[in-house]
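User: I'd like to go through the labels people put on a structure like this and hear the reasoning behind each one. Can you take me through it?

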Amino acid sequence: MKSTSRILLTLASTVSLVGSASAASLLGYYDFEGNYNDSSGNSNNAAPSQNPTELSFVPGFRGQALDINDPATADPNTGGSVDIPINGNPNVLAGVTFGGWVNIDNNGFDGFMAMDNGGWDRGITISDNISSPGFGAASGAGPVMAGTITQGAWQYVVGTFNQPGDVNIYVGDANPLTVTTLNNFGPDLNAAPWGLELIELGRYDNQDMDGKADDIFVFGDELNAHEVNSIR
């Protein structure tokens, strides 16, 4: 089992020491050690949402992880998903950062974490588009892309958003010798009405993820590149 207290201390001390965010900005941390609890102390416990029978706990990046199964990857709304009760819309959080570790089993154009309601959205995509593959972050526009998807491997994927400002996608691997993550950026658009008042883990509107998630976190600030890399 992972040491949750040690990981939380690392998250908190990293952002308080090296950047603009404060330790208090950690809104939620989900280690999926057999439950959906928020281990940050903020009581933002997650909960199974779509197709809960497609969710299970399996060996993860550290300790256990959440396995999010999509049995019919070509069809919408067949996979499991989890709701994180944090409103990341710009009218509530001008800046927000979310992400963590993900291990993709199979993918088309899917979602990792998002607030998409079919209209405006802030979220992280998973794409097999030949002209624009990899992970992406979107905010009211097409996603900006970075990295490549390595099925069956743990990857560190984080989206940061700031209003008014920009959206960034960061993608790293599990090799400690890889010093930095890849990143790309685009605009964080202001386009009310806003998206869902929660963050869905495992989908982007009706585009479901087939894979595993571990050590998921949400900050109420836009973390900078040094903070994102330090947490990794």
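Analyst: Sure, here is a short run through ring pairs, cores, strands and salt bridges, bearing in mind that this is a predicted model.

User: What makes F32 and Y36 an edge-to-face pair?

Analyst: Their ring centres are 6.4 Å apart, which is within the 6.5 Å cut-off, and the planes sit at 75 degrees, over the 60 needed, so edge-to-face it is. F32 and Y36 are both buried, too.

User: Why is the pair of W101 and Y156 called tilted?

Analyst: The centres are 5.3 Å apart, within 6.5 Å, and the planes make 45 degrees, which is neither under 30 nor over 60, so the pair falls into the tilted class. W101 belongs to strand β6 and Y156 to strand β11, so this contact ties together parts 55 residues apart in sequence.

User: How do you know whether W101 and Y156 are buried or exposed?

Analyst: Buried means under 20% relative accessible area; W101 comes in at 4% and Y156 at 1%, so both count as buried. The two rings also belong to a cluster linked by ring pairs, along with F61, W154, F217 and F219.

User: Which residues have the most contacts inside the largest nonpolar core?

Analyst: That core has 36 residues, and the ones with the most contacts inside it include I84, F98 and F112. Its largest share, 4 residues, comes from β6. There is also a second, separate core of 13 residues, with W101 and F217 among them.

User: What makes β2 and β10 edge strands?

Analyst: In the open sheet of 7 strands, the order runs β2-β5-β14-β7-β8-β9-β10. β2 and β10 each have a single partner strand, so one side of each is left without a neighbour in the sheet.

User: Why do β7 and β8 count as paired?

Analyst: Pairing takes at least two bridges, and β7 and β8 share 4 in the antiparallel sense, so they qualify.

User: Why is the contact between D215 and R62 called a salt bridge?

Analyst: The closest N and O atoms are 2.6 Å apart, and the cut-off is 4 Å, so it passes. The partners are 153 residues apart, D215 in strand β17 and R62 in the loop between β3 and β4.

User: What is the burial class of D215, and of R62?

Analyst: D215 is at 3%, under 20%, so it is buried. R62 is at 30%, between 20% and 50%, so it is partly exposed.

Technical notes:
Residues numbered from 1 in each chain as written. Predicted model: local features only at pLDDT ≥ 70, side-chain atom pairs only at ≥ 80, totals over all residues. Heavy atoms only, no water. Phe/Tyr/Trp six-rings, centres within 6.5 Å; stacked < 30°, edge-to-face > 60°. Buried < 20%, exposed > 50% of the residue type's maximum accessible area, 1.4 Å probe, protein only. Core = buried A, V, L, I, M, F, W, Y, C linked by side-chain atoms within 4.5 Å. Salt bridge = Lys/Arg side-chain N within 4 Å of Asp/Glu carboxyl O.
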